[in-house]
Amino acid sequence: LFNIEEADAHVLPDSMYQIRIFRNLRSLRYEGQIHEVLVNKKKGLDRRMQLVDLRIYHTGYSSRLLKKKLARNLKLIRERMARDGETPMDAFYLMDCYHGLDEYDKAIECVRKTLAAGLSFVGMEGKPYHIWLDCLIKKEATPLELHSIVDEAIAAFPDLADFYLRKGFIAWQEKDYLTVERCLQKGLACRAAAQGELQECS
């Protein structure tokens with residue numbers, strides 16, 4: 001799924017793998033008020049996925065709509081939490097809302113809760129670290145702080161190209177070009193090794 005700008009389809013804020021084609025069973029349905037999750041009511045969901053060249057272009061998160069949509073999502077999440085209590089997944093969704101609404105300290109707090117809960121979503125495994133890094137950049141954190149988090153992300157996802165490339169970008173700003181080259185080579189090697197596999201794309 002490619003999130004694209006409504007006014008300019010060449011602008012690609014992000015992309016991810018999602019399960020969009022599945023067996024037509026009464027017990028197998030999407031659930032969720034905001035971010036739907038595929039649920040199997042009869043038994044635990046056995047996720048055996050195959051990559052297909054099917055691309056969905058989604059304009060629902062265009063910049064013109066984003067903050068209004070996130071504010072609505074935040075309101076709905078809080079209402080459900082007040083009614084039913086907090087669940088581990090709430091931190092993941094709140095993290096996304098606070099980040100998009102520029103409330104970076106609250107977003108980082110939710111990132112930490114998400115990581116502590118061990119939550120992982122197919123195609124978005126590294127998203128908490130991406131949001132954490134972006135929040136720190138917006139808060140004008142030091143390169144040392146950024147390297148600390150990106151190194152933690154690399155340790156958690158050593159086969160994911162994105163974090164080597166992000167580390168290279170931090171090094172570029174420090175004019176540490178040898179590290180830039182090393183990170184770029186490692187990131188490209190990870191991308192090449194993952195050809196045809198289900199891996200996060202951000």
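This passage describes the fold, burial, salt bridges, cysteines and aromatic pairs of a predicted model.

The protein chain contains seven helices and five strands. The strands and helices do not alternate; along the sequence the pattern reads β-β-β-β-β-α-α-α-α-α-α-α. The protein chain has 202 residues, and buried residues make up 37% of them. Contacts were also examined by sequence separation. Among contacts between residues at least 6 apart in sequence, 54% join residues at least 24 apart. The exposed surface of the protein chain comes to about 12900 Å². Carbon and sulfur atoms supply 54% of that surface.

Charged pairs were considered next. The structure holds 10 salt bridges. One of them joins lysine 127 to aspartate 96, with the closest N and O atoms 3.1 Å apart. Lysine 127 belongs to helix H4, which covers residues 127-138, and aspartate 96 belongs to helix H2, which covers residues 88-100. The pair therefore ties together parts that are 31 residues apart in sequence. Both partners are covered. Lysine 127 has a relative accessibility of 16% and counts as buried. Aspartate 96 is likewise buried, at 16% relative accessibility.

A second salt bridge stays inside one helix. Aspartate 134 pairs with lysine 138, and the closest N and O atoms are 3.2 Å apart. Both residues lie in helix H4. They are four residues apart, about one turn of the helix. Lysine 138 counts as partly exposed, with 46% relative accessibility.

Another salt bridge again spans two helices. The side chains of aspartate 151 and lysine 167 meet at 2.9 Å, N to O. Aspartate 151 sits in helix H5 (residues 143-156), while lysine 167 sits in helix H6 (residues 161-173). This pair thus ties together parts that are 16 residues apart in sequence. The two ends fall into separate burial classes. Aspartate 151 is partly exposed, at 36% relative accessibility. Lysine 167 is buried, with a relative accessible area of 14%.

Helix H2 also carries aspartate 90. Aspartate 90 is buried, and its relative accessible area is 4%. Its surroundings were listed without the neighbours within four places in sequence. On that basis, aspartate 90 is in contact with Ile77, Arg80, Met81 and Gly85.

The cysteines were then searched for cross-links. A disulfide is a covalent bond between the sulfur atoms of two cysteines. The search of the whole structure finds zero disulfides. Cysteine 110 illustrates this result, being in no disulfide. The nearest cysteine sulfur to that of cysteine 110 belongs to cysteine 97 and is 9.0 Å away. A disulfide would need the two sulfur atoms within 2.5 Å. Cysteine 110 is buried, with a relative accessible area of 6%. Cysteine 190 is buried as well, at 8% relative accessibility.

Aromatic rings were treated last. The structure holds six aromatic pairs. In one of these, the ring centres of phenylalanine 92 and tyrosine 93 are 5.6 Å apart. Their planes meet at 80 degrees, so the pair is edge-to-face. The cut-off for that class is over 60 degrees. Phenylalanine 92 and tyrosine 93 are both buried.

The pair formed by tyrosine 129 and tryptophan 132 has another geometry. Here the ring centres are 6.2 Å apart. The planes stand at 15 degrees, so this pair is stacked. For stacking, the planes must be under 30 degrees apart. Tyrosine 129 and tryptophan 132 are three residues apart in helix H4, and about one helical turn separates them. Tyrosine 129 is buried, with a relative accessible area of 6%. Tryptophan 132 is buried too, with a relative accessible area of 7%. These two rings also belong to a wider group. Ring pairs link Tyr129, Trp132, Phe157 and Phe163 into a cluster.

Helix H4 recurs across these results. Lysine 127 in helix H4 reaches aspartate 96 in helix H2. Aspartate 134 and lysine 138 both lie in helix H4. The tyrosine 129 and tryptophan 132 pair is in helix H4 as well.

Methods: Residues numbered from 1 in each chain as written. Predicted model: local features only at pLDDT ≥ 70, side-chain atom pairs only at ≥ 80, totals over all residues. Heavy atoms only, no water. Buried < 20%, exposed > 50% of the residue type's maximum accessible area, 1.4 Å probe, protein only. Contact = heavy atoms within 4.5 Å. Areas by Shrake-Rupley, 256 points an atom, 1.4 Å probe, with all protein chains shown as cover. Salt bridge = Lys/Arg side-chain N within 4 Å of Asp/Glu carboxyl O. Phe/Tyr/Trp six-rings, centres within 6.5 Å; stacked < 30°, edge-to-face > 60°.
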